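User: Please take a close look at one part of this model, the packing of the first two helices against each other and what surrounds it. A connected account is enough.

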Amino acid sequence: MPVYPSLTHALAEALVGALWFIEGSEDEQMDPDDAVKVLEGVSHLFSQLSTDQRQELIDLVRVMAEAEPDLARREFLEGFPEGFGLVEDAS
């Protein structure tokens with residue numbers, strides 16, 4: 001049985017994992033300017049998604065957050081939709 005129920009879920013896991021690494025990287029691990037470029041590029045890509053695609057990603061990230069045992073990563077996942085422009089900022 002596959003670990004992920006769909007390719008979309010597997011790709012979301014991979015993307016979120018990469019973004020988690022980038023966001024948590026120290027300056028010695030990754031150039032801050034390069035990190036910002038990657039994060040902004042992903043946010044721009046997300047802005048191009050249809051409403052249905054955005055909702056699908058939000059739902060996947062919510063499921064990932066609910067299953068995440070690591071508190072810091074769970075908090076990252078819970079803030080992911082707002083942090084990457086999938087939803088309007090709540091403030």
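Analyst: Helix axes here are lines fitted to C-alpha atoms over the stretch in contact, and the angle between two of them, taken between N-to-C directions, runs from 0 to 180 degrees. The model is predicted. In it, helix α1 spans residues 7–24 and helix α2 residues 32–47; their axes come within 10 Å and cross at roughly 145°. The crossing of α1 and α2 is left-handed.

On the α1 side, the residues in contact are L15, L19, I22 and E23, and they meet A35, V38, L39, V42 and F46 of α2. By type, the residues of this contact are 8 nonpolar and 1 charged, with no polar ones.

The loop between α1 and α2 holds S25. S25 counts as buried because its relative accessibility is 16%, and the cut-off for buried is under 20%. A polar atom of the S25 side chain lies 2.6 Å from the backbone oxygen of F21.

Two residues of the helix contact, L19 and F46, recur in the largest nonpolar core. That core has 19 residues, and V16, L19, F46, F80 and F84 touch the most other members. At least two core residues come from each of α1, α2, α3 (51–67) and α4 (71–83), with α3 giving the largest share, 6 residues. In soluble globular proteins, nonpolar side chains tend to be buried together.

F46 can be followed further. Leaving out residues up to four places away in sequence, F46 touches L15, R54, L57, F80, F84 and L86. Among these, L15 belongs to the α1 side of the helix contact, while F80 and F84 are listed with F46 among the core residues that touch the most other members.

Key. Residues numbered from 1 in each chain as written. Predicted model: local features only at pLDDT ≥ 70, side-chain atom pairs only at ≥ 80, totals over all residues. Heavy atoms only, no water. Helix = DSSP H or I, 4+ residues; strand = E, 2+ residues; numbered from the N terminus. Left-handed = near helix turned anticlockwise from the far one by under 90°. Contact = heavy atoms within 4.5 Å. Nonpolar A, V, L, I, M, F, W, Y, C, P; charged D, E, K, R; others polar. Core = buried A, V, L, I, M, F, W, Y, C linked by side-chain atoms within 4.5 Å. Buried < 20%, exposed > 50% of the residue type's maximum accessible area, 1.4 Å probe, protein only. Polar contact = N/O pair within 3.5 Å; in protein donor to acceptor, adjacent residues only side chain to side chain.
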